[in-house]
Amino acid sequence: MTHWYPQRFWQPVLRIMMMGMLKRSPVWILLGLSLVLAVRGEQQTTLEPTIQEEMITAKKVSLLGGWNPRSPESEEVQAAALHAVEKFNGQSKSKKTFQLVSITSAQSQVTNVINYKLKAILGKTACLKSETNQVDKCTLGHKRLACTFEVSFNPRKQVHQQVESSCHKMVSPSLPTASPPLSLPLDNASPN
């Protein structure tokens with residue numbers, strides 16, 4: 001018998017089996033066979049590959065329905081911003097189109113739709129709205145707008161919808177800004 005058990009283990013087992021066969025007693029025979037079966041069962045279970053458990057670690061998972069920061073460079077955010085700029089151009093009273101210059105921050109919220117809050121900078125182009133629909137090929141002017149857009153995206157229908165937008169003119173860094181008013185001491189403010 002070539003098993004992984006040491007020789008000294010098999011000697012008593014064989015002795016018990018031989019005694020049972022010599023005495024032909026059913027008890028000794030059953031005892032010997034049960035020992036053999038127990039050893040074989042133990043041998044088979046110990047030779048099987050052991051299963052190693054994988055450690056599960058908790059990660060920060062965003063809450064469903066909560067606002068979470070998003071990368072302004074992600075495809076989903078860019079698509080929402082382009083939709084917002086397109087809608088803004090359609091609703092603005094300006095004769096010239098605006099182009100997306102940059103997205104400064106983005107957040108998303110997952111409900112039955114995906115909502116986006118975007119802060120973006122738009123630049124006024126030299127192209128008239130009636131001239132072209134390819135805003136990205138127009139030359140940018142100096143006028144900039146800082147805008148906040150809320151856009152929802154329905155993934156089932158693959159449709160964007162602008163919920164809200166607000167824009168204001170940005171002050172050019174080259175223009176002088178008004179200095180704060182000077183505070184002068186009052187003559188009648190003396191403690192006398």
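A polar contact is a pair of N or O atoms within 3.5 Å; within protein, one must be able to donate a hydrogen and the other to accept it. That cut-off applies to the first close-up, where a polar contact of 2.9 Å joins the side chains of arginine 70 and glutamate 76. The model shown in every view is predicted.

**View 1. Arginine 70 and glutamate 76 meet in a salt bridge.**
The N to O distance of this salt bridge is 2.9 Å. The structure holds 1 salt bridge. Arginine 70 sits in strand E1. Its relative accessible area is 26%, so arginine 70 counts as partly exposed. Glutamate 76, at 41% relative accessibility, is partly exposed as well.

**View 2. The surroundings of arginine 70 in strand E1.**
Which residues does arginine 70 touch, not counting residues up to four places away in sequence? They are Glu76, Val77, Ala106, Gln107, Ser108 and Tyr116. For alanine 106, the C-alpha to C-alpha distance to arginine 70 is 5.3 Å. In sequence, arginine 70 and alanine 106 are 36 residues apart.

**View 3. The whole chain, for orientation.**
The protein has 3 helices and 5 strands. Along the sequence they follow the pattern α-α-β-α-β-β-β-β. Of the 192 residues, 26% count as buried. Among contacts with a separation of 6 or more, 57% come from residues 24 or more positions apart.

**View 4. Helix H3 and the strands it packs against.**
H3 has 17 residues. At 1.5 Å a residue, H3 should span 24 Å. Its end C-alpha atoms are 24 Å apart, which agrees. The buried residues of H3 are Val77, Ala80, Ala81, His83, Ala84, Val85, Phe88 and Asn89. These buried residues pack against strands E1, E2, E3, E4 and E5. Strand E1 covers residues 67-70.

**View 5. The largest nonpolar core, with 19 residues.**
Leu100, Leu118, Leu122 and Phe149 have the most contacts inside this core. H3, E2, E3 and E4 each supply at least two of the core residues. Which element gives the most to this core? H3 does, with 6 residues.

**View 6. Leucine 118 and its contacts.**
Neighbours within four places in sequence are left aside here. Leucine 118 is then in contact with Val77, Ala80, Ala81, Ser105, Ala106, Cys147, Thr148 and Phe149. Of these partners, Val77, Ala80 and Ala81 are among the buried residues of H3. Phe149, like Leu118 itself, is one of the residues with the most contacts inside the largest nonpolar core.

**View 7. The disulfide of cysteine 127 and cysteine 138.**
A disulfide is a covalent bond between the sulfur atoms of two cysteines. The sulfur atoms of cysteine 127 and cysteine 138 are 2.0 Å apart. The torsion about the S-S bond is -110°, and the link is left-handed. Cysteine 127 lies in strand E3 (residues 114-128), and cysteine 138 in the loop between E3 and strand E4 (140-154), so the pair ties together parts that are 11 residues apart in sequence. Are these two cysteines buried or exposed? Both cysteine 127 and cysteine 138 are buried.

**View 8. The disulfide of cysteine 147 and cysteine 167.**
Here the sulfur atoms are 2.0 Å apart. The S-S torsion of cysteine 147 and cysteine 167 is about 115°, so this disulfide is right-handed. The pair links distant parts of the chain, 20 residues apart. Cysteine 147 belongs to strand E4, cysteine 167 to strand E5 (residues 159-169). Cysteine 147 has 2% relative accessibility, so it counts as buried. Cysteine 167, with a relative accessible area of 29%, is partly exposed. The disulfide count comes to 2. With the bonded cysteines numbered in sequence order, the pairing is 1-2, 3-4.

**View 9. Serine 94, in the loop between helix H3 and strand E2.**
Helix H3 spans 75-91, and strand E2 spans 96-110. Why does serine 94 count as buried? Its relative accessibility is 17%, and buried means under 20%. A polar atom of the serine 94 side chain lies 3.2 Å from the backbone oxygen of lysine 96. With neighbours within four places in sequence left aside, serine 94 is in contact with Lys124 and Lys129.

Notes:
Residues are numbered from 1 along each chain as its sequence is written. This is a predicted model: local features need pLDDT of at least 70, side-chain atom pairs count only at pLDDT 80 or more; totals for chains, interfaces and linings use all residues. Side-chain values use heavy atoms; hydrogens and water are left out. A disulfide is a pair of cysteine sulfur atoms within 2.5 Å. Helices (H or I, at least four residues) and strands (E, at least two) are DSSP runs, numbered from the N terminus. Buried means under 20% relative accessible area, exposed over 50%, partly exposed in between (1.4 Å probe, protein chains only). Contact means heavy atoms within 4.5 Å. The expected span of a helix is 1.5 Å times one less than its number of residues. A salt bridge is a side-chain nitrogen of Lys or Arg within 4 Å of a carboxyl oxygen of Asp or Glu. A nonpolar core is a set of buried Ala, Val, Leu, Ile, Met, Phe, Trp, Tyr and Cys residues joined through side-chain atoms within 4.5 Å.
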